[in-house]
Amino acid sequence: MNELNSLNNLNNLTTDPVVSVGRIADHDGKRVSLKGWVYNKRSSKKLHFIQLRDGTGTIQCVVFVGDVPPAVFEAAEGLTQETSLTVTGTVRKDERSPIGFELGVSGIEVHAPSVDYPITPKEHGTAFLMDNRHLWLRSSKQHAIQKVRNEVVMAIRQFFYDRDFNLLDAPIFTPNACEGTTNLFETAYFEQKAYLTQSGQLYGEAGAMAFGKVVVFGPTFRAEKSKTRRHLTEFWMVEPEMAYCDLEQDMAVAEEFVEYVVQRTLERCKPQLKILERDLSKLEAIKRPFPRITYDDAVKKLQGLGMDVKWGDDFGGDEETKLAEGLDRPLMIHRYPAAIKAFYMKNDPENPKLALGVDMIAPEGYGEIIGGGQREDDYETLVAKIKAHDLPLEPFQWYLDLRRYGSVPHAGFGLGIERTVGWICGTPHVRETIPFPRTMARLNP
Ligand code: 4AD
Ligand code: MG
């Protein structure tokens with residue numbers, strides 16, 4: 001049985017089976033109890049319409065004066081937003097309902113009142129809503145985004161599990177910088193200094209040499225001073241890493257992966273995407289192959305479009321959006337100048353000024369969702385690169401061991417969960433895609 005009957009009946013409030021709104025269709029015509037909160041209510045002389053949400057969905061509960069004792073009708077009259085309650089009644093089909101059913105109420109039991117709930121159906125500013133994030137999560141759009149996030153994460157895990165990647169959990173406290181030193185969070189670690197991880201990649205590389213294919217999945221941290229709609233200081237990243245893999249194979253996995261995650265989420269999240277008013281045709285179009293362009297050609301293209309870009313510049317949000325404009329699928333930009341990429345990237349043997357790296361840019365202006373590429377596998381070259389990036393050699397000795405003992409070509413990438421969820425949901429700002437966002441300006445709630 002899928003319902004948590006025994007758990008929910010601990011209070012012995014009812015003898016009717018306690019069911020969830022999400023599975024209401026299994027109980028058509030039956031008498032059931034629902035446990036939840038008042039989402040909204042409207043009344044006329046003889047009727048109260050209570051929108052009850054229980055976390056799995058929202059259902060209209062109809063209290064007709066002729067169906068219930070006067071005390072129950074009166075209790076329904078006084079129900080305020082977010083009052084917690086058990087409602088008992090009969091499930092009946094209703095064509096006008098978004099979920100196809102409503103409840104004909106016979107009894108109501110209030111658990112706890114809710115007085116002056118701050119988030120009302122009227123419009124509120126984002127700062128106010130973010131201050132009340134712990135409550136805002138109950139609202140239908142925020143709830144829908146988190147349901148999509150849940151499915152995105154499940155799809156990610158399934159994709160790698162089905163393809164024999166071993167999960168490798170990387171540490172959060174680290175001795176080294178992975179993605180440059182400008183946005184490191186430093187913290188005291190007893191007598192030493194530690195940094196909050198910017199990426200699990202270096203540990204993923206150790207894992208790839210032990211397991212062949214691994215996937216690291218966890219929170220990552222960057223002291224981002226930029227206040228953009230794409231940057232958080234704490235975000236989740238999934239990072240596959242593969243031994244005996246080059247850039248071409250890496251890009252093939254990235255594109256298969258993104259297609260899978262989008263299509264599976266689309267298949268399973270239609271009701272949520274409807275609440276979010278997402279144009280589903282945009283997601284249906286996310287099928288392989290994805291277009292590819294080299295950095296060299298991307299610069300020429302941008303210059304042709306009249307943008308002020310020189311070879312050697314990194315691309316920002318504006319350049320990415322311009323390059324992806326008019327495309328219905330993500331764009332993969334590969335072979336960036338080595339000088340603007342991380343120390344661990346392998347140089348292109350055909351042109352050492354280039355790094356064998358790739359960024360994947362989502363369509364519709366959602367920006368970079370993936371960064372990755374082939375890793376430097378030669379010991380001497382890697383030592384030189386660490387020095388050239390002004391990084392201390394000592395904390396990288398363990399990482400250099402991976403090149404001392406049976407080094408092989410290897411590659412991987414990292415996908416940002418929040419940007420991916422934002423793109424799939426059509427939510428432009430990443431702060432709404434994580435339950436409790438952390439940005440330069442926000443540490444609460
Ligand atoms: O491009 P990035 O910095 O790549 C890495 O960290 C590599 N070590 C990954 C690897 O090869 N294993 O970050 C990867 C992705 C970005 O494409 C973006 O989606 C996301 O992580 N990301 C952020 N998301 C939200 N807020 C931020 N501040 C982010 N920084 C990166
Ligand atoms: Mg990047």
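# The cores, helices and strands of a predicted model

Author: In this predicted model, the largest nonpolar core has 46 residues, of which I156, V238, F257, V258, L415, W423 and I424 touch the most other members. Features of local structure require a pLDDT of at least 70 and side-chain atom pairs a pLDDT of 80 or more, while totals for chains, interfaces and linings use all residues. Residues are numbered from 1 along each chain as its sequence is written, chains are lettered from A and ligands numbered from 1 in the order in which they are written, and side-chain values use heavy atoms, without hydrogens and water.

Reader: What makes a set of residues a nonpolar core?

Author: The members must be buried Ala, Val, Leu, Ile, Met, Phe, Trp, Tyr or Cys residues, joined through side-chain atoms within 4.5 Å. Buried means under 20% relative accessible area, against over 50% for exposed and partly exposed in between (1.4 Å probe, protein chains only). A second, separate core has 23 residues, including I50, V68, V91 and I108.

Reader: Which residues does V238 touch?

Author: Leaving aside residues up to four places away in sequence, V238 touches I156, F160, V215, V216, F217, F257, F413, G414, L415 and I417. Contact here means heavy atoms within 4.5 Å.

Reader: Why is α14 called largely enclosed?

Author: Nine of its nine residues are buried, so α14 is largely enclosed by the rest of the structure. These residues are I417, E418, R419, T420, V421, G422, W423, I424 and C425. After α14 comes G426, which has a positive phi near 75°.

Reader: How are elements such as α14 recognised and numbered?

Author: They are DSSP runs, numbered from the N terminus: helices are H or I runs of at least four residues, and strands are E runs of at least two. The protein chain has 14 helices and 18 strands.

Reader: What makes α5 oblique to α7?

Author: The axes of the two helices come within 9 Å and cross at roughly 135°. Angles under 35 degrees count as roughly parallel, over 145 as roughly antiparallel, 65 to 115 as roughly perpendicular and the rest as oblique. The crossing angle therefore makes α5 oblique to α7. Axes are lines fitted to C-alpha atoms, for helices over the stretch in contact, with angles from 0 to 180 degrees between N-to-C directions. Among the residues making the contact are I156 and F160 of α5 and F257 and Y260 of α7.

Reader: How do you know that β11 and β12 pair?

Author: Two strands pair if DSSP finds at least two bridges between them. For β11 and β12 there are nine bridges, in the antiparallel sense, so the criterion is met. The bridge partner of T220 is F235 in β12. Five bridges join β12 to β18, and these strands also run antiparallel; in β18, G412 is the bridge partner of E241.

Reader: Why is β12 described as largely enclosed?

Author: Eight of the ten residues of β12 are buried, so the rest of the structure largely encloses this strand.

Reader: What makes β8 and β9 edge strands?

Author: Each of them pairs on one side only. They belong to an open sheet of three strands in the order β8-β10-β9, with antiparallel pairing. Four bridges link β9 (residues 186–189) to β10 (residues 192–196), and T187 stands opposite A194 in β10. The hairpin of β9 and β10 has two residues between the strands, and F190 takes a positive phi near 50°.
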